[in-house]
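Reader: I'm a first-year student, and I'd like to look closely at one part of this model. Please pick a helix, take me through its surroundings, and then follow the trail a little further.

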Amino acid sequence: MPSIACGALQSLLMGGSKYIPVRYSAYAAAVAAFVPRRLLHFRVHLRSPHFRGRVYNTLPFCQISSRACNRSSVPVTASNAVEVARSVDETIFAERIATLKTMMKEVGIEYAASIPGKSPALLCPKAVGDVKAGFTKKDVDMNAKHHTEITEKNLQLEPLGEEVIAYFKRREISAETLRRNGIKQQKNGKKIAIAFPYRRNGTTVSCKYRDFSKMFWQVEGEIDKLSMEEAGYLNCVSVPDGAPAQVSKEPLAAAEASRIILATDADGPGQALAEELARRLGKERCLRVKWPEKSATEVCKDANEVLMLYGPDALKKVVENSELYPIRGLFQFSDFFHEVDAYYHQTQGFELGVSTGWRALDELYTVMPGELTIITGVPNSGKSEWIDALLCNINENHGWKFALCSMENKVREHARKLLEKHIRKPFFNASYGGSTERMTVQELEQGKKWLNDTFHLIRCEDDCLPSIKWVLRLAKAAVLRYGVRGLVIDPYNELDHQRPPNQTETEYVSQMLTMIKRFAQHYSCHVWFVAHPRQLQHWTGGPPNMYDISGSAHFINKCDNGIVIHRNRDAKVGPLDGVQVCVRKVRNKVVGTIGDAFLSYNRITGEFEDMDVRAISTSITRGG
């Protein structure tokens, strides 16, 4: 039977490209000694004459006889590739392709559909006969049907000998299991290869091989499949080609089984295989095994290792304890029981929220990590001053750190306000301080260190306005780098609110608040977001409503807590230093409830203190 020699093909292809080396290793020659020629694939890579780069073609089994293999037994690389002058004449290239196709057609290989630049794999239709290296039978005229026939006789398979049975016994696999699965052997002189025939409807359709030194050809899960049978699982199959390099994105029709247990290797490729199988078969019906430990630092790799180390009962238990395959975004409560237990036992210390530092307000509102508090109030009501005082109290009592995105404050002014609240002395000798002595240089230096350790500033130094995504991106960095637990965004109208033309402001606000809440929950960070009310046409002096916030009712609808800060401006109805903290929404009843708390504002130090409610006229609360 005629054949195409590797050397001939190499000569033809090298004329069409500057470098076309052909690699044929001794390993491939060893494989050819056992693998039937009808199963070997023939791969040819055709290149356009316009291709200028280097090409590295692998022609692993284009010649079956040992004589042809020996002609190409030395790997050809870029360093030893023969360089020839390329012809740009496309006519010459076309003639070479035509000659190649003619030679292939003579041996029964139809390649009419080939396209230059593609690499289709073709099954040689005339690869039959003796599989021993160095031995080729005389050419025999055979029809196409006989060409594709695969039988154990043609594959020269024979019953297992004592050497193979002993090998499997060492792997805890019995002769009965081998017999039931039709495992055979193939001899080549003194060498023995274990054969794994594949049958469909009683007909052999393929075969895989391996030897005792773990040199194998497409044998991946067969021994693990046999191991599963030793544990009592007969409805078990192995994948045909081992683990994939990566998970594919293409869908595939699922099998008919209602429950599928994945028992792939514990290494990286094995886990990639499990993910690919689950994707194709449907994660909702898949389970996966969790291999037991074999040492303090390692787990068992596969089913056969468990069988060898711990026996069939342990392997059976591993399968019985298979876990539901995780589906991203779908959980059971048991996945969070450790959080539920910590919540119940209050192991973190803030399960009921942390104190605001004001006894009257703690009855209505405490600060819970992971929540969003919207704060509003008419201009000059003390919203920013109150938030600064709140942060100082939380830092003093609980050691929290904060990220500040306060666009309306100059850095030096904001530093002065925070230092006055922390040191409890005025920053300057000025009229607002009265007779109180200003902070000393030593206190200033200590305060500066406290500022630097406690607060991290998010500021846009360009002349453009920052977007909410920009703010949250930097806040995330502050959480991960510095461990901040609170974020202040003050105020809403100083952000860049560009939105698509087809999006309303209400839709935009809803989307923005959802983004902020997800940040707060994901990073367990409390967010205070200041939003001004719209212009009140008929304001009577009382605190505004949360629904008065400019932009959207979503500010009150989507927040966890809603607070209105209101300062009394009428001496006739109460002290002018009186500040009313109106808690208008509390989603979590553990944190607080709706109501009003009254604080007094110290103009000298910027501090807030609890106030006797009886000292304020009830008329302050009208309109709230």
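Author: Let's start on the outer side of helix α11: D313, K317 and E320 are exposed there, on the face turned away from the helix's buried side. Here exposed means over 50% relative accessible area, buried means under 20%, and partly exposed is in between (1.4 Å probe, protein chains only). Helices (H or I, at least four residues) and strands (E, at least two) are DSSP runs, numbered from the N terminus. Keep in mind that this is a predicted model, where local features need pLDDT of at least 70 and side-chain atom pairs count only at pLDDT 80 or more, while totals for chains, interfaces and linings use all residues. Residues are numbered from 1 along each chain as its sequence is written, and side-chain values use heavy atoms, with hydrogens and water left out.

Now turn α11 over. The helix runs over residues 312-320, and its buried residues are L315, V318 and V319. These residues sit on the same side of α11 because they cover an arc of only 95° around the axis, taken from the directions from the helix axis to the C-beta atoms. They pack against α8 (222-230), β9 (260-262) and α10 (303-310).

Let's follow the first of those partners. Helix α8 is mostly covered, with 8 of its 9 residues buried: E222, I223, D224, K225, L226, S227, M228 and E229. The cover over them includes α6 (162-170), α7, β6 (191-200), β7 (203-210), α10 and our starting helix, α11. After α8 comes G232, whose phi is positive, near 100°.

A neighbour of α8 deserves a stop too. N181 lies in the loop between α7 (175-180) and β5 (184-188), and N181 counts as buried because its relative accessibility is 17%. Leaving aside neighbours within four places in sequence, N181 is in contact (heavy atoms within 4.5 Å) with R199, K225, L226 and E229. The last of these also makes a polar contact: the side chains of N181 and E229 meet at 3.1 Å. (A polar contact is a pair of N or O atoms within 3.5 Å; within protein, one must be able to donate a hydrogen and the other to accept it, and residues adjacent in sequence count only if both atoms are side-chain atoms.) In addition, the N181 side chain reaches the backbone oxygen of T177 at 2.8 Å.

To follow the trail further, look at the aromatic rings. Rings of Phe, Tyr and Trp (its six-membered ring) pair if their centres lie within 6.5 Å; planes under 30 degrees apart count as stacked, over 60 as edge-to-face and the rest as tilted. This rule gives a count of 14 aromatic pairs. One of them joins W450 and F455 edge-to-face, with 5.3 Å from centre to centre and 85° between the planes. W450 is buried at 10% relative accessibility, and F455 is buried at 7%. Another edge-to-face pair is Y492 with F555, at 5.1 Å and 80°. This pair links distant parts of the chain, 63 residues apart: Y492 is in the loop between β15 (486-490) and α18 (505-522), whereas F555 is in helix α19 (residues 554-558). Y492 is buried, with a relative accessible area of 8%, and F555 is buried as well, at 0%. Finally, W450 and F455 belong to one aromatic cluster with W400, F402 and W528.
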